[in-house]
Amino acid sequence: MNRTTLSLIAGATALAAVTGFAAVTSPDTSGPGTAATAAELPVERTSLTCPTPSVSDLAETTYTSFTPLTKGTGAAGKAELRPAATESTDGKTGKTGKTGKKASGKDAEGGKDEAGTAAEPVLAAKEPGKPVIEEDSGSESPALVGTADGKFAPGWTVQQTTEVAAGSGRGLLGVTCTAPDTDFWFPGASTAVDRTDYVHLVNPDDSAAVVDIELYGRDGALETTAGEGITVPPHSDDPVLLSTLTTEKQDNVTVHVSVRSGRVGASVQALDDKLGGDWLSASVDPTGSVVIPGIPKDATAVRLIAFAPGDADADLKVRLASPSGQITPAGHETLHLKAGMTGAVDLGDVMRGEPGSLVLTPTGRSVPVVAAVRVVRGKGAGQETAFIPATRPVGARATVVDNRAKGTTLSLTAPFGAAEVKVTASAGSEGGTAATKSFTIKAGTTQQIEAPVPSGLKGTYALTVESVSGGEVHGARTLTEGKDGVSAFTVQTLPDDRGMVAVPDADQDLSVLQQ
């Protein structure tokens with residue numbers, strides 16, 4: 001085969017198309033014959049999308065933005081989030097909220113005022129290493145789209161947390177704002193009568209995106225009437241109610257969002273008439289082995305939902321990584337998934353008062369799967385639900401924000417080998433000094449660690465986990481808020497923030513990028 005060597009600039013351009021823009025400098029080549037190496041450099045631009053928080057007039061939403069300190073960045077940069085318009089049920093673009101910092105008027109376009117100029121940011125970072133917050137209330141709190149560049153880009157993390165006092169989906173709803181992409185899988189959605197699930201499609205770009213939504217139930221693909229060719233206008237959030245796409249009512253559904261043109265951020269808001277609600281974030285891309293970290297120790301019911309999107313059936317070992325090691329849930333040693341059909345297993349009160357993580361590995365041939373769990377806490381009328389998707393490892397670094405002095409729990413698991421990590425609590429949003437601790441996670445275990453808290457904390461803070469040595473680590477943070485007898489909670493995972501990108505030496509053969 002005739003191989004082509006790409007230049008450094010061409011290689012950086014290809015990488016930028018996937019991960020953001022990287023600062024390009026020439027690595028040190030001290031003499032002839034020096035081996036080609038890839039320099040790890042901070043990304044220079046990152047985009048995020050946040051869905052419309054709630055349709056409840058009782059909703060209280062907090063947006064939090066944070067960038068961890070990163071070596072090698074310049075002195076300049078900014079991170080700003082602006083309101084996105086929300087598509088109404090009749091397809092018209094509506095208002096973008098009540099913070100006083102966004103467009104207004106029925107013809108306003110998301111991110112712009114009525115004169116067509118950029119709207120004032122709802123949330124703007126001030127300095128890396130310190131979170132900033134903005135609060136809003138009611139049903140008109142906006143979806144947000146934003147960009148971070150320069151020193152604010154590497155590891156930029158944004159979360160929206162919403163408290164809903166009553167009604168369908170009441171409780172604590174939290175979601176980490178997502179980077180725009182072209183493919184998402186959501187095992188754990190539902191079209192059942194007592195569920196109201198929306199797929200939020202947020203388009204951050206200047207041109208429309210075209211999206212297809214596919215639904216898969218226990219017997220395969222559900223017949224849908226309007227899931228193809230959905231147009232999402234620029235700078236807008238289009239919430240699509242799943243029950244409008246199909247007449248079939250099923251408890252466990254896998255949603256596949258694929259983008260024909262453009263890109264979107266996607267999340268599922270799952271609202272239950274009796275069990276509260278939360279956001280379901282996308283599962284890790286289909287892969288042979290998956291890890292679902294950080295199931296709370298006081299979970300009263302756990303349901304595993306999984307899906308094999310290819311043409312082959314999948315057979316998986318089911319293991320629970322507990323504080324003392326991996327165990328097999330009684331009666332659920334394996335899970336058989338038929339290709340193209342959603343499988344679900346009720347594990348019941350499997351936690352037995354200990355935190356844990358589910359580890360799914362192939363019994364033989366490796367077949368790509370996606371997975372998530374639905375977790376219930378509380379009893380009777382005080383029950384509430386959260387979702388935890390299978391997630392990428394922490395990798396080099398991962399961050400979760402909107403941690404509070406009370407009600408914050410961090411769980412880490414090392415499913416395949418012991419690992420050492422460093423955990424840093426940032427300065428508080430309103431004051432406090434950062435603190436750091438190191439931890440060793442034993443192989444096959446899940447540890448609910450005593451994470452550091454900023455000294456003199458005022459406000460909320462970020463937790464950043466960095467891998468130091470050993471095997472891969474997966475993590476999740478649980479926020480709890482007990483009010484009026486309801487066990488309100490939400491769980492966010494900690495996937496690698498991908499804040500660094502490998503930029504090859506100018507002489508390195510990059511023909512792999514053409515394959």
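Residues 89-110 of the model stay under a pLDDT of 50, and 55 contacts beyond four places in sequence are modelled for them. A second stretch, residues 510-515, also has a pLDDT below 50, with 11 contacts in the model beyond near neighbours in sequence. The structure is a predicted model, and its average pLDDT is 87. A pLDDT of at least 70 is reached by 84% of the residues.

The secondary structure consists of 1 helix and 38 strands. Of the 515 residues, 54% are classed as buried. The accessible surface amounts to about 21,200 Å², and carbon and sulfur atoms account for 48% of this area. Contacts between residues at least 6 apart in sequence were examined for their separation along the chain: 80% of them join residues at least 24 apart.

The model contains 1 disulfide. The bond is formed by Cys50 and Cys177, with an S to S distance of 2.1 Å. The link between Cys50 and Cys177 is right-handed, with 110° about the S-S bond. Cys50 belongs to strand 2 (residues 45-50), whereas Cys177 is found in the loop that runs between strand 9 (171-176) and strand 10 (183-189); the disulfide therefore ties together parts that lie 127 residues apart in sequence. Both ends of the link were assessed for burial. Cys50 has a relative accessibility of 0% and is therefore buried. Cys177 also counts as buried, because its relative accessible area is 6%, under the 20% cut-off.

A further buried position is found in a loop. Thr391 is located between strand 27 (384-389) and strand 28 (397-403), in the loop that separates these strands. The relative accessibility of Thr391 is 7%, so this residue is classed as buried. When residues up to four places away in sequence are left out, the contacts of Thr391 are with Val284, Val291, Pro293, His474, Thr493 and Pro495. The partners of Thr391 thus listed include two valines, Val284 and Val291, and two prolines, Pro293 and Pro495. His474 and Thr493 are also among the residues that Thr391 touches.

How values were computed: Residues are numbered from 1 along each chain as its sequence is written. This is a predicted model: local features need pLDDT of at least 70, side-chain atom pairs count only at pLDDT 80 or more; totals for chains, interfaces and linings use all residues. Side-chain values use heavy atoms; hydrogens and water are left out. Helices (H or I, at least four residues) and strands (E, at least two) are DSSP runs, numbered from the N terminus. Buried means under 20% relative accessible area, exposed over 50%, partly exposed in between (1.4 Å probe, protein chains only). Contact means heavy atoms within 4.5 Å. Accessible areas come from the Shrake-Rupley method with a 1.4 Å probe; for residues, only the protein chains shown count as cover. pLDDT is the predictor's confidence in each residue, from 0 to 100. A disulfide is a pair of cysteine sulfur atoms within 2.5 Å.
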